[in-house]
Amino acid sequence: MSEVEIKVARTMTGRVVSDKMNKTVTVLVERKVKHPMLGKVIRLTKKYHAHDENNEFRDGDMVIIEECRPIAKTKAWRVAKLVEKARAA
């Protein structure tokens, strides 16, 4: 019997807030959690740098990012796919 290892990469959905870097986008991921003491639902946000090989994603795009090997000092995520294109202004 051969054992096959299947790696499941973590994925998150967020909005591109910056595309000024070359081959990198900054993605803002927002999640809602219940405060442990107050019980109120609060929004937590965090920004991730994600690899964008062809510089194809723009500000406002909704994307799915997946975890990958470290590509740079602050970049260990890769843009997996586009969920929703930003509206033209």
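Is E67 buried, exposed or partly exposed? This is a predicted model, and in it E67 has a relative accessibility of 34%, so this residue counts as partly exposed.

**Salt bridges**

E67 is a good place to start, since its side chain meets that of R10 in a salt bridge, at 3.1 Å from N to O. The two residues sit in distant parts of the chain: E67 belongs to strand β4 (residues 62-67), while R10 is in the segment before β1, and 57 residues separate them. As a general point, side chains of opposite charge can pair when their charged atoms come close.

How many salt bridges does the structure hold? There are six, and three of them are set out here, including the E67 pair.

| Pair | N to O distance |
|---|---|
| E67 and R10 | 3.1 Å |
| E30 and R43 | 4.0 Å |
| E66 and R78 | 3.7 Å |

Take E30 and R43 next, whose side chains form a salt bridge at 4.0 Å, N to O. This pair also links distant parts of the chain, with E30 in strand β2 (residues 24-34), R43 in strand β3 (residues 41-51), and their positions 13 residues apart. E30 has 43% relative accessibility, so it counts as partly exposed. R43 reaches a relative accessible area of 60%, and that makes it exposed, because the cut-off for exposed is over 50%.

Then there's E66, which pairs with R78 in a salt bridge whose closest N and O atoms are 3.7 Å apart. E66 lies in strand β4 and R78 in strand β5 (residues 75-84), so the pair ties together parts that are twelve residues apart in sequence. Both partners are partly exposed: E66 has a relative accessible area of 24%, and R78 has one of 33%.

**A nonpolar patch**

Over to the surface. V4, I6 and V8 make a nonpolar patch there of about 380 Å². V4 comes from the segment before β1 (11-18), and with a relative accessible area of 67%, V4 is exposed.

**Two loop residues with positive phi**

Which residue in the loop between β1 and β2 is worth a look for its backbone? That would be K23: its phi is positive, about 60°, although K23 is not a glycine. K23 is partly exposed, at 32% relative accessible area.

N55 has a positive phi as well, near 50°, and is likewise a residue other than glycine. You'll find N55 in the loop between β3 and β4, where it is partly exposed with a relative accessible area of 28%.

Definitions and conventions: Residues are numbered from 1 along each chain as its sequence is written. This is a predicted model: local features need pLDDT of at least 70, side-chain atom pairs count only at pLDDT 80 or more; totals for chains, interfaces and linings use all residues. Side-chain values use heavy atoms; hydrogens and water are left out. Patches are made of residues with over 30% relative accessible area and no salt bridge: like charges are joined within 9 Å, nonpolar side chains (Val, Leu, Ile, Met, Phe, Trp, Tyr) within 5 Å. Accessible areas come from the Shrake-Rupley method with a 1.4 Å probe; for residues, only the protein chains shown count as cover. Helices (H or I, at least four residues) and strands (E, at least two) are DSSP runs, numbered from the N terminus. Buried means under 20% relative accessible area, exposed over 50%, partly exposed in between (1.4 Å probe, protein chains only).
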